[in-house]
Amino acid sequence: MCGIIGCVGTDETVPTLMDGLSNLEYRGYDSAGVAVQNGKGIATFKRSGKVAEVRKALPESPPSGTVGIGHTRWSTHGPPTDQNAHPHTDPESRVAVVHNGVIENYDTLRAELEATGNTFVSDTDTEVIPHLVAHYLDQGDDHETAFRRTLDRLDGSYAVAAIIDGDDTIYCARHGTPLVVGIGDGSYFLASDVPAFLERTSEVVYLEDGEIARIEPDGFSMMDVHGDPIETEIEHIDWDPKDTGKGAYDHYMLKEIDTQPTALKKTLEGRIEPETGTVSLDGLDPGHFEEFEQVDLVACGTSYHAALYGAKILQEAGIEAQAHRASEYGTSSQLVSESTLAIPVTQSGETADTLSAMADAAEAGATTVAVTNVMGSTVARQADETVFIRAGPEIGVAATKTFSSQVVTLLLLARRLAEDMDDGEPREDFDEVLAALDRLPDDIQHVLESSDARSVAHKHIDSDAFLFIGRHLAFPVAKEGALKFKEITYEHAESFTSGRLKHGPLALVTPSTPIFAVATGEVRSKTLTNATEAKSRGAPIVLVTDDCDANADLGDYHLEIPETHELLEGLLANVQLQLVSYYAANRLDREIDKPRNLAKSVTVE
Ligand code: G6P
């Protein structure tokens with residue numbers, strides 16, 4: 001949510017900033033801009049719309065400065081206009097600032113600054129920051145002190161970076177939203193997220209909350225809010241820069257759907273002892289979870305659907321487990337204690353609602369084990385333990401491959417918990433689960449190569465609404481199918497447990513409401529019955545199951561999945577639904593990788 005980029009020490013500042021912004025566009029794409037320091041002052045270029053609009057706004061020979069900052073925005077305060085785009089400056093353009101987060105006391109600060117004659121040109125909360133820095137510079141503070149005194153006035157959350165006229169330094173700080181410094185060869189970078197500069201360096205230093213960094217052409221230093229130095233630890237990011245590119249694909253989403261077999265091989269790699277079938281997960285050895293009595297999974301969006309799937313697997317193993325929407329966790333009355341294991345599930349590791357739910361659980365005494373994709377992410381740094389899903393970078397705003405890798409990781413974690421926890425009942429058929437997991441990448445490949453999703457997606461594209469139904473493990477898949485469909489097609493899509501259909505939603509059913517029926521597991525026959533009830537009312541039925549022949553009369557269209565263990569059928573069905581959404585959105589000419597109003601990483605509550 002809002003992407004920040006900065007660079008120091010490269011002689012290609014503007015191209016580097018623009019590449020970084022393109023790489024970060026999944027974080028927000030309402031407006032974008034850059035500011036560079038080139039010895040003659042600070043030059044700022046910004047526009048509403050996508051990063052491409054800023055490219056167009058740049059002069060033919062962009063300024064050749066060696067220090068710059070950039071930003072791609074997901075609006076919170078003020079609509080996406082040129083004026084509200086970042087960077088923001090003070091009236092004399094002595095200070096330029098980019099910011100991700102929300103300054104909660106901005107109206108008080110703005111009133112105070114206006115009272116002393118400052119004029120504001122945007123509706124944003126951010127604009128108070130450059131004004132304040134300039135105010136402290138006017139009081140005679142040196143640059144670093146003016147920046148630190150400004151931070152001291154801010155309430156709320158921020159990742160913020162500033163450049164000051166006549167100074168080749170980026171001043172930046174983190175308080176509640178992510179910021180990472182990249183260490184290149186004679187150059188330094190700053191970003192909200194590593195993919196921004198991954199093609200330039202994989203050596204990084206993550207800022208923690210309350211830390212400030214000075215990034216200069218000959219090095220960088222970190223300090224606390226009082227200016228006292230802090231030791232830094234350089235980490236190596238094990239991601240292939242090629243994975244952040246689109247390759248030969250038109251869209252990241254299709255690439256990410258297609259690469260699920262490879263991603264899943266990495267998720268599974270080395271985690272199952274072939275001789276004994278013992279699961280080992282990132283140091284969580286047998287016995288690790290003996291003292292826990294219940295499990296709370298907290299997550300948002302697609303990750304919530306993976307958590308719901310994981311909770312059902314845990315419940316089947318005799319464990320008291322619930323998946324919670326992270327934004328509601330603190331408001332519900334669930335009992336959390338020292339015997340609770342809280343599992344935040346989050347692709348980015350930065351979703352504010354999920355981090356807040358994790359903090360609530362920890363506060364109430366729970367132990368936290370994060371399931372995430374991103375090394376160095378806030379969740380990985382704050383949780384007691386972390387299990388990485390190893391899906392590789394995901395750029396498309398609509399999550400795809402990370403859902404599959406999250407579910408498989410949770411399935412492995414469920415095995416560990418079932419063996420350790422008192423109430424746990426390890427599955428007797430785990431050998432069969434392992435064999436199915438081993439086949440899973442090939443089974444998904446088969447779906448990818450044989451799917452009829454494109455032609456199914458093109459049928460009934462003008463329908464009034466699209467309904468998705470399933471029971472038990474197929475229910476999270478129906479929910480995910482509907483979410484994916486609405487996210488990228490902008491069409492109305494809803495999901496229901498198939499049994500619920502007859503208790504109200506059936507009133508919606510017409511020949512213009514196709515129903516995607518996910519019929520998997522032992523309960524499939526009930527879903528088939530519910531689909532038949534809807535068909536009798538005229539709804540076209542798209543059947544997603546492993547035995548289409550046996551149900552040839554029911555389905556108007558069929559999306560067949562290979563036979564596998566029932567714990568994994570949902571993952572195969574989900575791939576079919578991902579493809580349906582993709583091809584429907586493509587047919588409707590939607591912005592598939594950057595759907596309107598959304599952002600991949602939502603760092604405000
Ligand atoms: C946003 C994105 C969704 C994502 C959700 C949770 O809403 O648009 O695609 O599923 O955040 O993100 P996380 O990084 O926590 O999995």
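In the predicted model, an oxygen atom of the ligand is found 3.1 Å from a backbone N or O atom of V397. Two side chains also approach ligand oxygen atoms: for T351, a polar side-chain atom lies at 2.5 Å from an oxygen atom of the ligand, while for T346 the separation between an N or O atom of the side chain and a ligand oxygen atom is 2.7 Å. Considered alone, the ligand exposes 390 Å², and 90% of that area is buried by the protein.

The shell around the ligand comprises 13 residues, and the closest of these are S303, T346, Q347, S348 and T351. T346 and T351 thus appear both in this closest group and in the side-chain pairs described above, at 2.7 Å for T346 and at 2.5 Å for T351. In terms of residue character, the shell divides into seven polar, four nonpolar and two charged residues. With respect to secondary structure, the greatest contribution to the shell comes from helix α8, which spans residues 301-316 and supplies three residues. The space that the ligand takes is the largest pocket.

As regards the overall organisation of the protein, the domain assignment gives domain 1 as residues 3-237, domain 2 as residues 263-441 and domain 3 as residues 451-587. The centres of domain 1 and domain 3, taken over C-alpha atoms, are separated by 46 Å.

Key: Residues are numbered from 1 along each chain as its sequence is written. This is a predicted model: local features need pLDDT of at least 70, side-chain atom pairs count only at pLDDT 80 or more; totals for chains, interfaces and linings use all residues. Side-chain values use heavy atoms; hydrogens and water are left out. A residue is near a molecule or strand if one of its heavy atoms lies within 4 Å of it. A polar contact is a pair of N or O atoms within 3.5 Å; within protein, one must be able to donate a hydrogen and the other to accept it, and residues adjacent in sequence count only if both atoms are side-chain atoms. Accessible areas come from the Shrake-Rupley method with a 1.4 Å probe; for residues, only the protein chains shown count as cover. On a 1 Å grid over the protein atoms alone, a cavity is a set of points where a 1.4 Å probe fits but cannot get out, and a pocket is an open set with protein on both sides within 12 Å along at least five of seven lines; lining residues have an atom within 4 Å of a point. A molecule sits in a cavity or pocket if more than half of its atoms lie within 2 Å of its grid points. Helices (H or I, at least four residues) and strands (E, at least two) are DSSP runs, numbered from the N terminus. Ala, Val, Leu, Ile, Met, Phe, Trp, Tyr, Cys and Pro count as nonpolar, Asp, Glu, Lys and Arg as charged, and the others, Gly among them, as polar. Domain bounds come from an automatic or database domain assignment.
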